[in-house]
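This report describes one protein chain, moving from a single side chain to the fold around it and then to the main pocket.

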Amino acid sequence: MIPCSPAGSPRIRLVIDVAVVVGAGTIGAMTALAALAGGASRVILADVIGEKLALFAGNPAVTTVNVREQRLAEVVRDVTTGWGADVVFEASGNAKVYDELFDLLCPGGCAVLVGMPVDRVPLDVAAARLGGARDLTLQGNLDPALLFA
């Protein structure tokens, strides 16, 4: 485990043991590889398309989850023996991910929002506190398109 800074932010320093990456497209795949390069001992990579996940089948540090067949929260609980992930990178842009986002995190964990949904997404803050993910950090990224609008 080594410290890393999600989304290039100097404000947040994490020690990542287990990272979850939701979305195995180009950005999610690169995020998974970056998490491993940054010192994560395990990455749980989730997607709905098995062909994307198959690209990581030979990597012993990556656990792939087809969310059409398995519940991601259950796999995270199994892999972390009930503790939860240190960081979750949401790279799919799918609004449904936010329903279980806090359930994936350990106490003090960090959710990094990389993929942005098209529409507004409600976040259940009470569930975050009651779900065990106390003192969590929610980190977003700035859309470069907004800089030139």
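Leaving aside residues up to four places away in sequence, T31 touches V21 and F89. The coordinates come from a predicted model. T31 is part of helix 1, which spans residues 26-37. Its relative accessibility is 14%, below the 20% cut-off, so T31 counts as buried. The contact with F89 joins distant parts of the sequence: T31 and F89 are 58 residues apart along the chain, while their C-alpha atoms lie 7.7 Å from each other.

**The chain as a whole**

The chain has 149 residues, and 42% of them count as buried. It holds five helices and eight strands. Read from the N terminus, the order of these elements is β-β-β-α-β-α-β-α-β-β-α-β-α. Among contacts between residues at least 6 apart in sequence, 50% join residues at least 24 apart.

**Strands 3 and 4**

Strand 3 pairs with strand 4 in the parallel sense, over five bridges. V22 stands opposite A46 of strand 4. Strand 4 is mostly covered, with five of its six residues buried.

**Helix 3 and the loop after it**

Helix 3 covers residues 72-79, and its buried residues are L72, A73, V75 and V76. Viewed down the helix axis, these buried residues fall within an arc of 160°, so they line one face of helix 3. In general, an α-helix has 3.6 residues a turn, so residues three or four places apart point the same way. Four strands are among the elements that cover the buried residues of helix 3, and the table gives their ranges.

| Element covering helix 3 | Residues |
|---|---|
| Strand 3 | 18-22 |
| Strand 4 | 42-47 |
| Strand 5 | 62-66 |
| Strand 6 | 85-90 |

Strand 4 thus appears twice in this account: it pairs with strand 3, and it helps to cover the buried residues of helix 3.

T81 follows helix 3 and sits in the loop between helix 3 and strand 6. What is the sign of phi at T81? The value is positive, near 50°, in a residue other than glycine. Is T81 buried or exposed? With a relative accessibility of 74%, above the 50% cut-off, T81 counts as exposed. T31, by contrast, counts as buried at 14%.

**The largest pocket**

The largest pocket has a volume of about 390 Å³. It is lined by 17 residues, of which V22, V48, V67, N94 and V97 are the closest to its centre. By class, the lining divides into eight nonpolar, four polar and five charged residues. V22 links this pocket to the strand pairing described above: V22 is one of the lining residues closest to the pocket centre, and it also stands opposite A46 in strand 4.

Methods. Residues numbered from 1 in each chain as written. Predicted model: local features only at pLDDT ≥ 70, side-chain atom pairs only at ≥ 80, totals over all residues. Heavy atoms only, no water. 1 Å grid on protein atoms, 1.4 Å probe; cavity = no way out; pocket = protein on both sides within 12 Å on 5 of 7 lines; lining within 4 Å. Points joined across faces, edges and corners; volume = space filled by probe spheres on them. Nonpolar A, V, L, I, M, F, W, Y, C, P; charged D, E, K, R; others polar. Helix = DSSP H or I, 4+ residues; strand = E, 2+ residues; numbered from the N terminus. Buried < 20%, exposed > 50% of the residue type's maximum accessible area, 1.4 Å probe, protein only. Contact = heavy atoms within 4.5 Å. Arc of directions from axis to C-beta. Pairing = 2+ DSSP bridges.
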